[in-house]
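Thank you all for coming. I would like to take a few minutes to walk through one structure, going from its charged contacts to its aromatic ones, and I suggest that you keep the display open while I talk.

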Amino acid sequence: MPQNFKSRGQLRPVDLARAYGLSTQAVRNYEAAGILPPAERTAHGYRTYTPLHARALHAFLALVPGHGHQTATSIMQAINRDAIEDALRLVDESHAQLVDDRRTLQAVEAAVRDLEPPPPQRADMFIGPLSKRLGVRPATLRKWERAGLVQPHRDPRTGYRVYRAADVRDALLAHQLRRGGYLLEQIAPLIAQVRSAGGIAPLESMLRDWRARLSARSRAMVSGAAALDAYLNSRPARPGSDSAT
């Protein structure tokens, strides 16, 4: 929050807008959405804000990088209607989601690390040999296919499933992740990432980027928490509100 706002009584919409690189309409929209507390009005109907509004705007903008726009909006709306416990629950849920995302990343990294390069295939594989190689039943491979984990082709003459080298790779990765306890619906988007990356090797770069994004999100949550705490401490306690208990 800009230092010069702390000692000022009244602020115009344009003051907040300029300080944070926003349009005045954006500031008004944030107030209308409940992200900022309601503004006072002059005798001529003009909005006047205070340092409290500046802290609210600062908190919201600090929350967005870590929690996302929608969750940050819900957090601020809850605070401004004095539902502090609801706001803190939303913060906790975001942190829990980040923990889950880290665990997913660790599982994928472990699966990729443990995945042995498949030996060169002299020919495509049918479902029987592949199921035997993985130690699963053919019905399991058919279930994985329905979930989008593997995409075998069909022999045009016999209609049998044919697993090419990329299909075998996907099946091996799916098998590793299933052993790690991940659900099919959690694995499917990860397998899709492998396909779009063109294989395991390009996926390693994606995993590094993914890890960096999670770290950046974690740091952003720390910054957001500090700004949110400053806003909570600056709000006057209201009888009957969560903060008044």
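Let me begin with a working definition: a salt bridge here is a side-chain nitrogen of Lys or Arg that lies within 4 Å of a carboxyl oxygen of Asp or Glu. Please keep in mind throughout that what you see is a predicted model.

With that cut-off in hand, look at Arg 157 and Asp 155, whose closest N and O atoms are 3.9 Å apart, so the pair counts as a salt bridge under the 4 Å limit. The two partners differ in their surroundings, since Arg 157 is exposed at 73% relative accessibility, whereas Asp 155 is buried, with a relative accessible area of 14%.

How many salt bridges does the structure hold? The count is 12, and I will pick out a few of them.

One is formed by Arg 89 and Glu 93, where the closest N and O atoms are 3.0 Å apart. Both residues sit in helix H5, which covers residues 84-114, and because they are 4 residues apart there, about one helical turn separates them. Arg 89 is partly exposed at a relative accessible area of 40%, and Glu 93, at 43%, is likewise counted as partly exposed.

Helix H5 also takes part in a contact that reaches further along the chain, for the side chains of Glu 109 and Arg 211 meet in a salt bridge at 2.3 Å, N to O. Glu 109 belongs to H5 and Arg 211 to helix H10 (residues 200-234), so this pair ties together parts that are 102 residues apart in sequence. Within the pair, Glu 109 counts as buried at 18% relative accessibility, while Arg 211 is partly exposed at 35%.

There is also a linked case, in which Arg 169, Asp 170 and Arg 195 are joined in a network of salt bridges.

Now to positive charges that form a patch on the surface. Which residues form the positive surface patch? They are Arg 137, Arg 142, Lys 143, Arg 146 and Arg 178. Helix H7, residues 138-146, gives the most to this patch, with 3 residues. Arg 178, by contrast, lies in helix H8, which spans residues 165-179, and Arg 178 is partly exposed, with a relative accessible area of 35%.

Let me turn to the aromatic rings. A search of the whole structure finds 2 aromatic pairs. One of them joins Phe 126 and Tyr 160 in an edge-to-face arrangement, with 6.3 Å from centre to centre and 85° between the planes. Phe 126 is in the loop between H5 and helix H6 (127-134), and Tyr 160 is in the loop between strand E3 (153-154) and strand E4 (161-162), so the pair ties together parts that are 34 residues apart in sequence. As for their surroundings, Phe 126 is partly exposed at 38% relative accessibility, and Tyr 160, at 53%, counts as exposed.

Finally, a backbone detail that you may wish to find on the display. Asp 82, in the loop between helix H4 (69-80) and H5, has a phi near 70°, which is a positive value in a residue other than glycine. Is Asp 82 buried or exposed? Asp 82 is buried, with a relative accessible area of 18%.

Note on methods: Residues numbered from 1 in each chain as written. Predicted model: local features only at pLDDT ≥ 70, side-chain atom pairs only at ≥ 80, totals over all residues. Heavy atoms only, no water. Patch = residues over 30% accessible without salt bridge, like charges linked within 9 Å, V, L, I, M, F, W, Y side chains within 5 Å. Areas by Shrake-Rupley, 256 points an atom, 1.4 Å probe, with all protein chains shown as cover. Lys, Arg positive; Asp, Glu negative; His and termini not counted. Charge placed at Lys NZ, Arg CZ, Asp CG, Glu CD. Helix = DSSP H or I, 4+ residues; strand = E, 2+ residues; numbered from the N terminus. Buried < 20%, exposed > 50% of the residue type's maximum accessible area, 1.4 Å probe, protein only. Phe/Tyr/Trp six-rings, centres within 6.5 Å; stacked < 30°, edge-to-face > 60°.
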